[in-house]
Amino acid sequence: MSRTEIWNAAYDNDTAPWVIGEPQPAIVALERTGAISGRVLEPGCGAGEHTILLTTLGYDVRGVDLSPSAIEYARANAQAQGVPNADFQVADALEFATRPDFAGDPPGSSPAFDTIVDSALFHVFGADPETRAAYVRNLHAVCKPGGVVFVLALSDAEPGFGPRISDSVIRESFGAGWELEELRPDRYRGRVTASVAEAAAGLEVSADGLVDLAAWIARIRRL
């Protein structure tokens with residue numbers, strides 16, 4: 001299966017453990033500190049909860065995902081929440097730099113975004129250094145100089161499920177052209193679905209099937 005087919009299946013079959021029916025508490029807390037500003041991009045937006053939230057709060061925000069099924073889900077979700085103006089588009093995060101509306105023409109000449117909010121996309125590339133590096137290059141191409149990327153990623157510090165990574169993966173990935181301003185432990189809320197039930201055995205799961213997992217949250221400034 002292609003990457004697109006894999007992600008489509010998670011939405012089409014309702015097996016996505018990251019679809020929890022609400023924004024991540026860590027991202028909500030981040031916004032409340034005033035850390036998000038300007039034009040905002042959410043790569044790997046999935047069900048669209050963060051883009052919907054930020055839209056309702058008055059931000060100029062675009063949610064993008066590789067999966068057409070995810071974008072269809074996000075648009076329906078926004079409509080159901082009374083936010084039909086939420087901006088969702090199908091786009092590959094590994095090809096942002098080729099998009100004039102994201103990176104300018106020539107690529108990288110006019111980055112479009114002041115803030116990038118990555119909730120559980122970066123860690124998907126954690127085991128593949130080349131793909132991870134390509135993703136970071138594409139973020140650099142679309143983030144304005146002085147702009148900020150926030151990364152919320154699952155941590156390997158505790159038992160859990162999903163593509164968990166160490167803090168060193170984040171540190172090593174954002175090198176030249178970036179300044180890592182903050183990296184600290186946080187929590188990521190997931191949903192126990194059939195696809196992760198075995199890995200979730202022994203975790204503290206709420207009555208509605210939600211579980212808070214170890215995570216990292218990083219603030220990285222584009223130089």
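Start with the aromatic rings: a search of the whole structure turns up eight aromatic pairs. To count as a pair, rings of Phe, Tyr or Trp (for Trp, the six-membered ring) need centres within 6.5 Å; planes under 30 degrees apart are called stacked, over 60 edge-to-face, and the rest tilted. Select Trp7 and Trp18, an edge-to-face pair with 5.5 Å from centre to centre and 70° between the planes. Trp7 sits in helix α1 and Trp18 in the loop between α1 and α2, eleven residues apart, and the pair links distant parts of the chain. Here helices (H or I, at least four residues) and strands (E, at least two) are DSSP runs, numbered from the N terminus.

Are these two tryptophans buried or exposed? Neither label fits: Trp7 is partly exposed at 25% relative accessibility, and Trp18 is partly exposed too, at 28%. The cut-offs are under 20% relative accessible area for buried and over 50% for exposed, with partly exposed in between (1.4 Å probe, protein chains only). Now add Tyr11 and Tyr73 to your selection: ring pairs link them with Trp7 and Trp18 into a cluster.

A word on what you have open. This is a predicted model, in which local features need a pLDDT of at least 70 and side-chain atom pairs count only at pLDDT 80 or more, while totals for chains, interfaces and linings use all residues. Residues are numbered from 1 along each chain as its sequence is written, and side-chain values use heavy atoms, leaving out hydrogens and water.

**Zoom out**

Switch to cartoon and colour by secondary structure. You should find seven helices and seven strands, running α-α-β-α-β-α-β-α-β-α-β-α-β-β from the N terminus on. The C-alpha atoms fill a box of roughly 50 × 40 × 40 Å along the principal axes. The radius of gyration is 16 Å, which agrees with the value near 17 Å for a compact globule of 223 residues; this radius is taken over C-alpha atoms, and the globule rule is 2.2 Å times the number of residues to the power 0.38.

Of the 223 residues, 51% count as buried. Contacts (heavy atoms within 4.5 Å) are worth a look as well: among those with a separation of 6 or more, 72% come from residues 24 or more positions apart.

Turn on the surface next. The accessible surface is about 9,900 Å², and 50% of that belongs to carbon and sulfur atoms. These areas come from the Shrake-Rupley method with a 1.4 Å probe; for residues, only the protein chains shown count as cover. Colour by charge and you have 18 positive and 31 negative side chains, with the centres of the two sets 5 Å apart. Lys and Arg are the positives, Asp and Glu the negatives, with His and the chain ends not counted; each charge is placed at NZ of Lys, CZ of Arg, CG of Asp or CD of Glu.

**Backbone oddities**

Most residues other than glycine have a negative phi, and most peptide bonds are trans. With that in mind, go to Asp14, in the loop between α1 (3–12) and α2 (25–32). Asp14 is not a glycine, yet its phi is positive, about 55°. The residue is partly exposed, with a relative accessible area of 48%.

Where is Pro106? Look in the loop between α5 (100–103) and β4 (113–119). The bond joining Asp105 and Pro106 is a cis peptide bond, with omega about 10°.

Carry on to Ala120, in the loop between β4 and α6 (129–142). Ala120 also has a positive phi, about 70°, without being a glycine, and counts as buried at 17% relative accessibility.

**Three last stops**

Select Ser119 in strand β4, buried at 7% relative accessibility. What does Ser119 contact, leaving aside neighbours within four places in sequence? Show Gln24, Ile27, Gly44, His50, Leu152 and Tyr188.

Then pick Arg132 in helix α6, which is buried with a relative accessible area of 10%. Not counting residues up to four places away in sequence, Arg132 touches Phe122, Phe125, Gly126, Ala127, Val169 and Ser173.

Finish at Met1, in the segment before α1 and exposed at 71% relative accessibility. Beyond residues up to four places away in sequence, Met1 touches Ile6 and Ala9. Draw a distance from its C-alpha to that of Ile116, 115 residues apart along the chain, and you get 29 Å.
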